[in-house]
Amino acid sequence: MSNNLYSINKVSGSLSGLFIISFVLFSAFFIIYLLIIKFGLNVKVIFVGFLIIYYTVGIVPISSYREGINSEMWILLLFTAVISFIIGNYLSLMLLKINKGYTGKSTSSYINNKNTIILFTLSLISSLIIYLQHGVLILNQSSRFNVSGILQYLTEMIIPITVSIFAFYITTNKKKNFLLITLVTSFVIILSLGYRNQPMLLVISVLLIIIIHYIENNKNEISLFKVLFLSLITTLSVSIFSLFLIYRHETSVSLLKWQDFIEGFHVDLYQFVNPILPFHLAAREGMGVTEVAVERREVIDNMVGSNGLFLQDLLTVLPDISLTAGRVLGIVVNLNENVSLTPSILGGLFIQYGVVGIIIFFIIIGCLYNVFWTKYKNNQDPKYLALSVLLTIYSFELVNRGLFKPMYILIFIIPLFIFKRRKKDG
């Protein structure tokens, strides 16, 4: 094992290191799950934890990718975002108390079947049109940019639709066979877009709903064996994901071979950092893109006008506008109009609005998280469980993407059409 760990062959070294680091990950996950069982699963903690880990692994210079990052600036921006989020939480607490959010009459939501069927059918039809016009895009991803923005968003609606359905039927312990059929159908629909992110968001959101509900109702019945089993499954999932990263480099015609990648970007302790390497590269990419974009801000303003880069994608639903914010950054930063770049959330806000934009945005999102989560915890209302989970998974995407898109508005609107309100019995 030790010979392979420090072998000249970087693939062998990475595989040996992954085997060793898996034991560390297993122990870490075991402790995390014990804490979750004791204190519960809180979407606010999940989001802040993800935000901190995402930028921290990017700031730590474990590779030479996007060299010259201003680490001090990013630490300050991250600290500002976290503090602003906490302030937003406390502001929403005061608003809830003023509006008697804690002591108001207990209410619950139920599914509006008619609206749900209409929205589900609309999303299904949109995906069928994509399949008929462009084929299976997951096998031909270069063609996905030819799909109209409206069709993409109508299809992606299946995620908040499915999340709303699961939130209701999981919390009411009904129609489990129906839920499986819904999930499989929704997965086929979302695959029509040809992206990997959306299917992952769908799966993660469904898992979050199941885990939150299970922990809320079975906290005292979760045995040590179940915690060990869950830790093992999570560790195996991370390990498989890490192996897939090596496999992609070794088999892709467009990526560097693993050996060349490790040596070319001077990855330190490459044997042990494989599980966090994708986050490191994504975060550094966003930070590097941002710093170049800030220097060329005048060119960006000339391209997007008064609309602003952060909100540019809202205009792509219009028939005559196809220039996305990612392509703008590709042109300005990489000088390539066929490349789409993302600045990450702190970068996207900082380019357009500066530190003030980061403060305002994270105060607002801190308020939303706390209002949705508090209302769910108080009443076990499935609508607010759906909104909490949707806010969480799309916050994950926005942290990496850093640019606003119409879907971030639809995730709040769709549950309002799907759920109706009624007073709880008793």
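Good morning. I begin at the start of helix H16, where Asp381 places a side-chain oxygen within 3.0 Å of the backbone nitrogen of Lys383. Please bear in mind that we are looking at a predicted model.

H16 itself covers residues 382-401. Does its length agree with what 20 residues should span? At 1.5 Å a residue, the expected span is 28 Å, and the end C-alpha atoms lie 28 Å apart, so the two agree. Just after the helix, Gly402 adopts a positive phi of about 80°.

How much of H16 is covered? Of its 20 residues, 19 are buried.

That brings me to the nonpolar interior. The largest nonpolar core has 89 residues, and those with the most contacts inside it are Tyr55, Ile159, Ile345, Leu346 and Phe362. H16 gives the most to this core, contributing 12 residues. Apart from this core lies another, of 13 residues, including Leu329, Val332, Leu341 and Ile351.

Let me return to Tyr55. Leaving aside residues up to four places away in sequence, Tyr55 touches Trp74, Leu78, Met287, Ser344, Ile345, Leu346, Gly347 and Val399.

Finally, I turn to a pair of helices. The axes of H3, residues 43-59, and H12, residues 277-295, come within 7 Å and cross at roughly 80°. Angles of 65 to 115 degrees count as roughly perpendicular, and H3 is therefore roughly perpendicular to H12. Which residues make the contact? From H3 they are Phe50, Tyr54, Tyr55, Val57, Gly58 and Ile59, and from H12 they are Phe279, His280, Ala282, Ala283, Arg284 and Met287. Thank you.

Key:
Residues numbered from 1 in each chain as written. Predicted model: local features only at pLDDT ≥ 70, side-chain atom pairs only at ≥ 80, totals over all residues. Heavy atoms only, no water. Helix = DSSP H or I, 4+ residues; strand = E, 2+ residues; numbered from the N terminus. Expected span 1.5 Å × (residues − 1). Buried < 20%, exposed > 50% of the residue type's maximum accessible area, 1.4 Å probe, protein only. Polar contact = N/O pair within 3.5 Å; in protein donor to acceptor, adjacent residues only side chain to side chain. Core = buried A, V, L, I, M, F, W, Y, C linked by side-chain atoms within 4.5 Å. Contact = heavy atoms within 4.5 Å. Axes fitted to C-alpha atoms, helices over the stretch in contact; angles between N-to-C directions. Parallel < 35°, antiparallel > 145°, perpendicular 65-115°, else oblique.
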